[in-house]
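Colleague: Before I rely on any of the labels attached to this model, I would like to hear how each one was reached. Could you take me through the reasoning, setting values against cut-offs as you go?

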Amino acid sequence: MKELLKLLENDAKLSPRALALMLEKEEGDIKAMIEGYEQDGVILGYRTVIDWDKTNAEYVTAMIELKITPQRGHGYDLVAEKIYNYPEVESLYLMSGGFDLAVFIKGKTMREVAFFVAEKLATLEDVISTSTHFLLRKYKDNNVIYGAVPVDERGNII
Amino acid sequence: MLDYAKILSKTAQEIKPSGIRKFFDLLSERKDVISLTVGEPDFITPWHIRVAAIDSLQKGKTYYTSNSGTMELRSAISSYMERRYNLSYDPKDEIIVTVGGSEAIDLAMRASINPGDEVIIPQPAFVCYGPIAELAGGVPVIINTKEENRFKLTPEELKAAITPKTKLLVLPYPNNPTGAVMTREDLEGIAEILRGTEILVLSDEIYCELTYGMEHTSIANLEGMRERTVIASGFSKAFAMTGWRMGYTLSPREITRQMLKVHQYAIMCAPTMSQFAAMEAMENGSEDVKMMRDEYNRRRRLIVNGLRDMGLDCFEPEGAFYVFPNISKFGLSSEQFCQRLLDQGGVAIVPGNAFGDCGEGFVRISYAYSVSHIEKALERLKQFIETLS
């Protein structure tokens with residue numbers, strides 16, 4: 001049920017009871033639906049969204065554009081699997097347009113990231129070229145706006 | 001030194017200021033309060049509507065418009081009323097674009113009330129009707145609607161309040177603060193009493209888009225009612241456009257003509273850039289309204305159940321974004337309950353008697369807040385209620 005998924009995507013902490021009330025369903029049905037989605041891989045996980053810039057964590061994020069020669073019979077899947085199994089790789093997308101794979105890497109320093117690209121990615125047999133871009137600032141990610149905490153400005157009570 | 005009390009308007013001075021002023025002042029001083037007090041949407045005006053206003057400014061549309069509003073906007077409002085509510089009003093001379101629903105109410109009263117005329121106001125209700133009636137020289141006659149009737153105005157109550165001096169009946173449904181609505185059947189009972197009289201109706205339908213489980217019916221839809229009804233409505237609640245000050249009146253041309261005179265001299269015209277935004281809202285805003293209404297509905301179910309679970313009796317609100325639970329069983333007055341809840345529980349809600357004496361024993365809780373905000377508030381409220389039992 002799309003509405004259920006949308007509500008959970010927005011707030012994973014919503015209890016089955018709250019969801020049941022909001023969607024006018026029985027709590028048992030909601031629990032069953034959620035379990036079903038988890039088993040089918042529609043719901044893949046529950047994550048907490050953290051603005052690391054508000055902590056003193058040192059990190060760097062980069063987006064690397066990869067051009068690939070797809071292997072005969074496998075397309076992009078084999079090389080994608082090699083890449084996404086690295087823990088440094090946060091995201092991996094197959095894209096249309098001027099390049100093939102968009103890789104998002106997180107490391108402690110620019111040097112670390114640059115070395116990862118040079119030693120682990122560029123060396124892959126299928127990789128023709130890499131182009132590394134460093135992420136300077138997150139404005140919005142996955143429907144969450146980063147930055148100032150919103151303040152309720154409404155004053156008029158009646 | 002001028003003796004202002006002697007010099008200034010007696011009528012203005014006799015208007016009572018809001019009785020809960022001091023409560024609100026206290027509220028603003030406290031930190032870490034979860035508020036459920038506001039009377040306006042938490043949504044921001046949809047971007048495409050804001051763009052229409054910005055666009056109009058960039059194009060230099062900064063002059064006055066025609067007094068009753070741009071013809072395009074009036075036509076859009078007319079089509080909308082036809083489409084949504086099966087009501088037919090001529091954009092030429094039966095619609096005035098006003099500065100919010102507030103001005104619509106003011107125009108209706110000033111155009112209809114002669115000094116000493118009685119204005120019937122069902123309470124609990126929004127605070128403006130009495131004072132505006134008084135400013136127009138009218139005498140408010142209050143009807144105390146009852147929880148056992150789900151705060152609907154009953155024909156019996158109306159009949160008992162009518163005197164030879166009655167000029168106007170205010171019908172504020174869907175209702176702030178109770179969330180009550182009047183169905184077609186309910187309105188028919190009222191219309192039956194009014195037919196054949198010379199009593200006019202001011203139907204404040206600002207919350208008409210926010211009804212849950214049924215479509216809104218206007219009394220003007222019923223036989224013999226259109227000729228005596230001024231509908232006051234606007235964009236504030238439906239389109240989250242409170243700050244834009246966009247409202248409208250819908251009424252027979254004879255009434256409109258008189259209201260227009262007041263509007264012309266007192267206001268000139270409603271803000272031009274707001275009118276451009278409102279046009280965009282009328283033409284392309286229906287999806288936004290639906291989205292907001294569905295969201296309010298989800299929150300409504302959550303909050304009503306949450307309140308009932310903790311022992312707060314509340315009848316099911318079917319409109320607006322308020323719930324009006326009965327707190328009399330705790331042995332505290334509305335103000336005491338709210339004060340203690342604020343001090344001990346860290347939650348702010350509005351005492352029911354702010355909306356009329358018959359609101360004593362009730363409190364108004366708004367759900368124009370996010371689900372997570374509401375859940376936090378319910379949690380604190382639950383803990384507070386437990387200390388009272």
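Colleague: Why is Arg300(B) called buried?

Modeller: In this predicted model, Arg300(B) has a relative accessible area of 7%, and since buried means under 20%, the residue falls within that class. Arg300(B) is part of helix α12 of chain B, and, leaving out residues up to four places away in sequence, it touches Tyr212(B), Glu316(B), Pro317(B) and Tyr367(B). Its side chain also has a polar contact of 3.0 Å with the side chain of Asn297(B).

Colleague: What makes the pair Glu295(B) and Arg299(B) a salt bridge?

Modeller: The closest N and O atoms of Glu295(B) and Arg299(B) are 3.1 Å apart, and the cut-off for a salt bridge is 4 Å, so the pair qualifies. Both residues lie in helix α12 of chain B, 4 residues apart, which is about one turn of the helix. An α-helix has 3.6 residues a turn, so residues three or four places apart point the same way.

Colleague: Are those two residues buried or exposed?

Modeller: Glu295(B) has 15% relative accessibility and so counts as buried, and Arg299(B), at 2%, counts as buried as well. Elsewhere in chain B, salt bridges that share partners join Asp90(B), Lys92(B), Asp93(B), Glu94(B), Arg226(B) and Arg253(B) into one network.

Colleague: How do you know that the salt bridge between Arg298(B) and Glu3(A) joins two chains?

Modeller: Their side chains meet at 2.8 Å, N to O, which is within the 4 Å that a salt bridge requires. Arg298(B) lies in helix α12 of chain B and Glu3(A) in helix α1 (residues 2-10) of chain A, so the pair joins two chains. As for accessibility, Arg298(B) counts as buried because its value is 13%, whereas Glu3(A), at 39%, counts as partly exposed, because that class lies between 20% and 50%.

Colleague: What else supports a contact between chain B and chain A?

Modeller: The contact takes 26 residues from chain B and 16 residues from chain A, and the area buried between them is about 1,600 Å², of which carbon and sulfur atoms give 60%. There are 3 salt bridges between the two chains, and one of them pairs Glu24(A) with Arg301(B), whose closest N and O atoms are 3.1 Å apart. The rule also finds 8 residue pairs in polar contact across the interface, both residues being at pLDDT 80 or more. On the side of chain B that touches chain A, the elements giving two or more residues are α3 (21-29), α12 (286-309) and α14 (371-388) of chain B, and α12(B) gives the most, with 5 residues.

Colleague: Why is Lys167(B) counted as buried?

Modeller: Lys167(B) is at 17% relative accessibility and therefore counts as buried, given that the limit is 20%. Lys167(B) lies in strand β5 (residues 166-171) of chain B, and, with neighbours within four places in sequence set aside, its contacts include Asn114(B), Glu118(B), Glu198(B), Ile199(B) and Leu200(B). A polar atom of its side chain lies 3.0 Å from the backbone oxygen of Ser112(B).

Colleague: What makes Asp117(B) and Lys167(B) a salt bridge, and where do the two residues lie?

Modeller: The side chains of Asp117(B) and Lys167(B) meet at 2.6 Å, N to O, and as the salt-bridge limit is 4 Å, the pair is accepted. The pair links distant parts of the chain, with Asp117(B) in the loop between α6 (100-112) and β3 (118-123) of chain B and Lys167(B) in strand β5 of chain B, 50 residues apart. Both residues are buried.

Colleague: How do you know that the span of helix α5 (residues 110-121) of chain A is what it should be?

Modeller: At 1.5 Å a residue, the 12 residues of the helix should span 16 Å, and the end C-alpha atoms are 15 Å apart, which agrees.

Colleague: Which residues of α5(A) are buried, and why are they placed on the same side?

Modeller: The buried residues are Val113(A), Phe116(A), Val117(A) and Leu121(A). They cover an arc of only 95° around the axis, which puts them on the same side of α5(A). What covers them includes β1 (60-68), α4 (77-84), β2 (89-94), β3 (101-107) and β4 (127-134) of chain A.

Note on methods: Residues numbered from 1 in each chain as written. Chains lettered and ligands numbered in written order. Predicted model: local features only at pLDDT ≥ 70, side-chain atom pairs only at ≥ 80, totals over all residues. Heavy atoms only, no water. Expected span 1.5 Å × (residues − 1). Buried < 20%, exposed > 50% of the residue type's maximum accessible area, 1.4 Å probe, protein only. Arc of directions from axis to C-beta. Contact = heavy atoms within 4.5 Å. Buried area = accessible area lost by both parts, 1.4 Å probe. Polar contact = N/O pair within 3.5 Å; in protein donor to acceptor, adjacent residues only side chain to side chain.
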